[in-house]
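Colleague: I am new to reading protein models, and I would like to go through this one with you step by step. Could we take it as a series of questions, with the reasoning spelled out each time?

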Amino acid sequence: MAEHRSSRWPYIRKMAWNRDRQARAVCHICGERIDYSIPASSAPLSWEPDHIKPFANAPELELDLNNIAASHMRCNRQPEAAS
């Protein structure tokens, strides 16, 4: 089932990217440096926004910058480890 995103998502995503790039935020998943010279979500080490509380579980937090953390594309897209 496809996720329905707010029309404001691209604006919030850009705000998160600017915030994280200026802060030189590292990936909150692996703790390593993110290459902000690479276009977002275009390569494994590029920046990608990660919803701390997943959109599928908390759609009301989609546009909350406090719920969006910097991550690498590769880290954000890897399957969660089994508990």
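Modeller: Two residues are in contact when heavy atoms of theirs lie within 4.5 Å. Please keep in mind throughout that this is a predicted model.

Colleague: Among contacts between residues at least 6 apart in sequence, what percentage join residues at least 24 apart?

Modeller: Here we set aside the contacts between residues that are less than 6 apart in sequence, and ask how the others are distributed along the chain. Of the contacts that remain, the share joining residues at least 24 apart is 59%.

Colleague: How many helices and strands are there, and in what order do the elements run?

Modeller: The chain holds two helices and two strands. Reading from the N terminus on, one meets these elements in the order α-β-β-α.

Colleague: What is the radius of gyration of the chain, and what does the globule rule give for 83 residues?

Modeller: The C-alpha trace spans about 35 × 30 × 20 Å along its principal axes. The globule rule gives 12 Å for 83 residues and the chain comes close to that, so it is as compact as a globular protein of that length. The radius of gyration of the chain itself is 12 Å.

Colleague: Which element has the lowest mean pLDDT, and which the highest?

Modeller: For the chain as a whole, the mean pLDDT is 90, and 90% of the residues reach 70 or more. Among the elements, the lowest mean, 95, belongs to H2, whereas the highest, 98, belongs to strand E2, residues 68–72.

Colleague: How many disulfides are there, and why does Cys27 not form one with Cys75?

Modeller: A disulfide is a covalent bond between the sulfur atoms of two cysteines. To be counted here, the two sulfur atoms must be within 2.5 Å, but the sulfur of Cys27 has its closest cysteine sulfur in Cys75 at 3.8 Å, which is too far for a bond. For Cys30 the closest cysteine sulfur is also in Cys75, and that distance of 3.8 Å is again too far for a bond. The count of disulfides is therefore zero.

Colleague: Is Cys27 buried or exposed, and what is the relative accessibility of Cys30?

Modeller: Because buried means under 20% relative accessible area, Cys27 counts as buried at 1%. Cys30 falls in the range between 20% and 50%, and therefore counts as partly exposed, with a relative accessibility of 33%.

Colleague: How many salt bridges does the whole structure have, and which residue forms one with Asp20?

Modeller: A search of the whole structure finds two salt bridges. In the one that involves Asp20, the closest N and O atoms are 2.9 Å apart, which is within the 4 Å that a salt bridge requires. Asp20 is buried, at 5% relative accessible area, while its partner is partly exposed, at 31%. That partner is Arg19.

Colleague: Where does Asp20 lie, and which residues is Asp20 in contact with beyond its neighbours within four places in sequence?

Modeller: Asp20 lies in helix H1, which covers residues 9–23. Once its neighbours within four places in sequence are left aside, the contacts of Asp20 are Ala25, Tyr36, Trp47, Ala69 and Ala70.

Colleague: Which residue forms a salt bridge with Glu48, and how far apart in sequence are the parts that the pair ties together?

Modeller: The salt bridge of Glu48 is with Arg77, and the closest N and O atoms are 2.7 Å apart. Glu48 is in strand E1, residues 47–51, and Arg77 is in helix H2, residues 73–77, so the pair ties together parts whose separation in sequence is 29 residues.

Colleague: Is Glu48 buried or exposed, and what of Arg77?

Modeller: Glu48 has a relative accessible area of 5%, and is buried. Arg77, by contrast, has a relative accessibility of 55%, and counts as exposed.

Colleague: What is the sign of phi in Arg24 and in Ser41?

Modeller: Most residues other than glycine have a negative phi. Both Arg24 and Ser41 are in the loop between H1 and E1. Arg24 is exposed at 69% relative accessibility, and Ser41 is partly exposed at 21%. Phi is near 55° in Arg24 and near 55° in Ser41, so the sign asked for is positive.

Methods. Residues numbered from 1 in each chain as written. Predicted model: local features only at pLDDT ≥ 70, side-chain atom pairs only at ≥ 80, totals over all residues. Heavy atoms only, no water. Buried < 20%, exposed > 50% of the residue type's maximum accessible area, 1.4 Å probe, protein only. Salt bridge = Lys/Arg side-chain N within 4 Å of Asp/Glu carboxyl O. Rg over C-alpha atoms; globule rule 2.2 N^0.38 Å. pLDDT = per-residue confidence, 0-100.
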